[in-house]
Every structure is written in C-alpha cells, then in structure tokens.
Amino acid sequence: MLLFLTEAHKRHLGILSELSLSAFKDACTVASSYFKNGPDLKLVQETSQKLDLPPKQLQHAVEALVKLLLESFKNKLKADEFSRSSEALGFDDEQRELLLKIFEEEGKSLGQDGGLLIPPHFHNLEWRFEAQVASRSLMHQLCPLVTLNLQLKDTQIGPHEKVKINENSSKSTQIQTHTLQIDPVGLLHITGILEQALAEGSSRHCRRVQRSLE
C-alpha cells in the first residue's frame, strides 16, 4: 500500500535520509518525544544546534516523520509494508531498521490496530437560541447567540477503559461533552464551509484519490 504524502512531506523526509546514522538517531528521538509529550520546541532547538541544522528545518523534518508514522498506523501497515514504504522514500538499511523499531514501539503504545487513532463520532447535539435585548448601559441592542451542547462518542481500545460495552470486549466508550457558543453569522459561515467540504468529498477528484489509497 502506498501512503499519501505530499511533495512537501517527501522533501522534509529527504532531509532526514541524508543525515548520518548518529544524527538520524537524534532526529528520531525528537520524533518519539512528539508521541509521548507533544511538540517540544526546546528539544528541537537543542537538537538543531547539535546537528547544525536550522531549527525550522529540523522541526518540519520531524513533523514529516511523525506524519509518516501516523499515516502508517492509520492505514494499518504491517512491518514489511512500512519498511518498503521507507525504502521508497530514500532511507537506507540502517535508517529503515531504526524506523521499524520506532514504528513497532509507538504502534504498541498507540494501539496500532487503530483504536486510539479513530476520531470521536457524533453522539448527540442540543442547542438553544439566546438573545440579550438590553442592558443598563445600552437600552436598545440585540446580541443573538447560539449555545450548543455537543456530545462525541470516543471509542478506545486498550487497558484504559472507562465504560465497558460488554464483558467479552476490550473496547470501551467514552462520551465527551463540549459546550460551544457562537453568533448566528459565524454559525452560518461554519455551516457553509462544512457543506462545501461535503460537496468536495463526493467530487470525482476525491473519489479518484480514495480509490488510489485502497
């Protein structure tokens, strides 16, 4: 399976493939830190000085590596498929061996079967319309707002369950509640953007891209 990576991602990964094995290990350490602690600009700065690379260049390269790993997890690549994808991106044998180790370690911690990478799903939505028509300082005004209570269903796989679906399942479901408030103009704008995205998702070009990823 071929991963969908932009030309920019490939260019940033090309920077890593040109590093020495020692420097490549340092860059992989920064990438592993992304998974555990999120972006660490201080670590990027320190590593960039050690490797004599501009911080922005190293940051983009590491983010491209994280993107490669996440796409591999999302598409449920096996070890040999990931290794072939890494080879196609220009990484040598020693670099691929190190990448495979990270792929296996981070895959276990994230739940490579896709459990922790499944985005939350829509569960329920409640809303109410509010309007402030006057105040002590302003007797004639109208401030309409829409308050939303959005519930998302987050299904996880792993030992950190919160609500069991059934006794024979390792899956668990957690309901996330988000309270949002927005004015009608902003809500109409967001609705328009979502409708445009849905229309583009059903376009002929998107269908070709989806078929190429299958």
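## Close-up views of a predicted model

**View 1. Glu-106 and its neighbours.** Leaving aside residues up to four places away in sequence, Glu-106 touches Ser-32, Phe-35, Lys-36 and Phe-73. This is a predicted model, so please read each view here as a look at a prediction. Glu-106 has its place in helix H6. Is this residue buried or exposed? With a relative accessible area of 4%, Glu-106 is buried.

**View 2. Helix H3 and its buried face.** Helix H3 covers residues 41-51, and Val-44, Thr-47, Ser-48 and Leu-51 are buried in it. Looking down the axis of H3, you find these buried residues within an arc of 105°, so they line one face of the helix. An α-helix has 3.6 residues a turn, so residues three or four places apart point the same way. Which elements help to cover the buried residues of H3? Among them are H2 and helix H4 (55-74). Turn to the other side of H3 and you meet Lys-42, Gln-49 and Lys-50, which are exposed.

**View 3. The two ends of H3.** At the N-terminal end, Asp-40 acts as a cap for H3. One of its side-chain oxygens lies 3.2 Å from the backbone nitrogen of Lys-42. After H3 comes Asp-52, with a positive phi near 60°.

**View 4. Helix H5 and the glycine after it.** Helix H5 runs over residues 79-88, with Phe-82, Ser-85 and Ser-86 buried. Where do these buried residues sit around the axis of H5? They fall within an arc of 100°, so they line one face of the helix. Just after H5 you will come across Gly-90, whose phi is positive at about 100°.

**View 5. A tilted pair, Phe-24 with Phe-91.** The whole structure holds 3 aromatic pairs. In the pair of Phe-24 and Phe-91, the ring centres are 5.7 Å apart and the planes meet at 50°, so the pair counts as tilted. Which parts of the chain does this pair link? Phe-24 belongs to helix H2 (residues 21-37), while Phe-91 sits in the loop between H5 and helix H6 (93-110). These distant parts of the chain are 67 residues apart. Both Phe-24 and Phe-91 are buried.

**View 6. A stacked pair, Phe-82 with Phe-103.** Here the rings of Phe-82 and Phe-103 are stacked, 4.3 Å centre to centre with 10° between the planes. Phe-82 lies in helix H5 and Phe-103 in helix H6, so the pair ties together parts that are 21 residues apart in sequence. Phe-82 counts as buried at 1% relative accessibility, and Phe-103 is buried at 2%. Phe-82 was met in View 4 too, as one of the buried residues of H5. Which residues make up the aromatic cluster? Phe-73, Phe-82 and Phe-103 form one cluster. Phe-73 is also one of the residues that Glu-106 touches in View 1.

**View 7. The cysteines Cys-28 and Cys-143.** How do these residues stand with respect to solvent-accessible area? Cys-28 is buried, with a relative accessible area of 2%. Cys-143, in contrast, counts as partly exposed at 34% relative accessibility. A disulfide is a covalent bond between the sulfur atoms of two cysteines. With a cut-off of 2.5 Å between cysteine sulfur atoms, the count comes to 0 disulfides.

Definitions and conventions:
Residues are numbered from 1 along each chain as its sequence is written. This is a predicted model: local features need pLDDT of at least 70, side-chain atom pairs count only at pLDDT 80 or more; totals for chains, interfaces and linings use all residues. Side-chain values use heavy atoms; hydrogens and water are left out. Buried means under 20% relative accessible area, exposed over 50%, partly exposed in between (1.4 Å probe, protein chains only). Helices (H or I, at least four residues) and strands (E, at least two) are DSSP runs, numbered from the N terminus. The arc is that of the directions from the helix axis to the C-beta atoms. Rings of Phe, Tyr and Trp (its six-membered ring) pair if their centres lie within 6.5 Å; planes under 30 degrees apart count as stacked, over 60 as edge-to-face and the rest as tilted. Contact means heavy atoms within 4.5 Å. A polar contact is a pair of N or O atoms within 3.5 Å; within protein, one must be able to donate a hydrogen and the other to accept it, and residues adjacent in sequence count only if both atoms are side-chain atoms.
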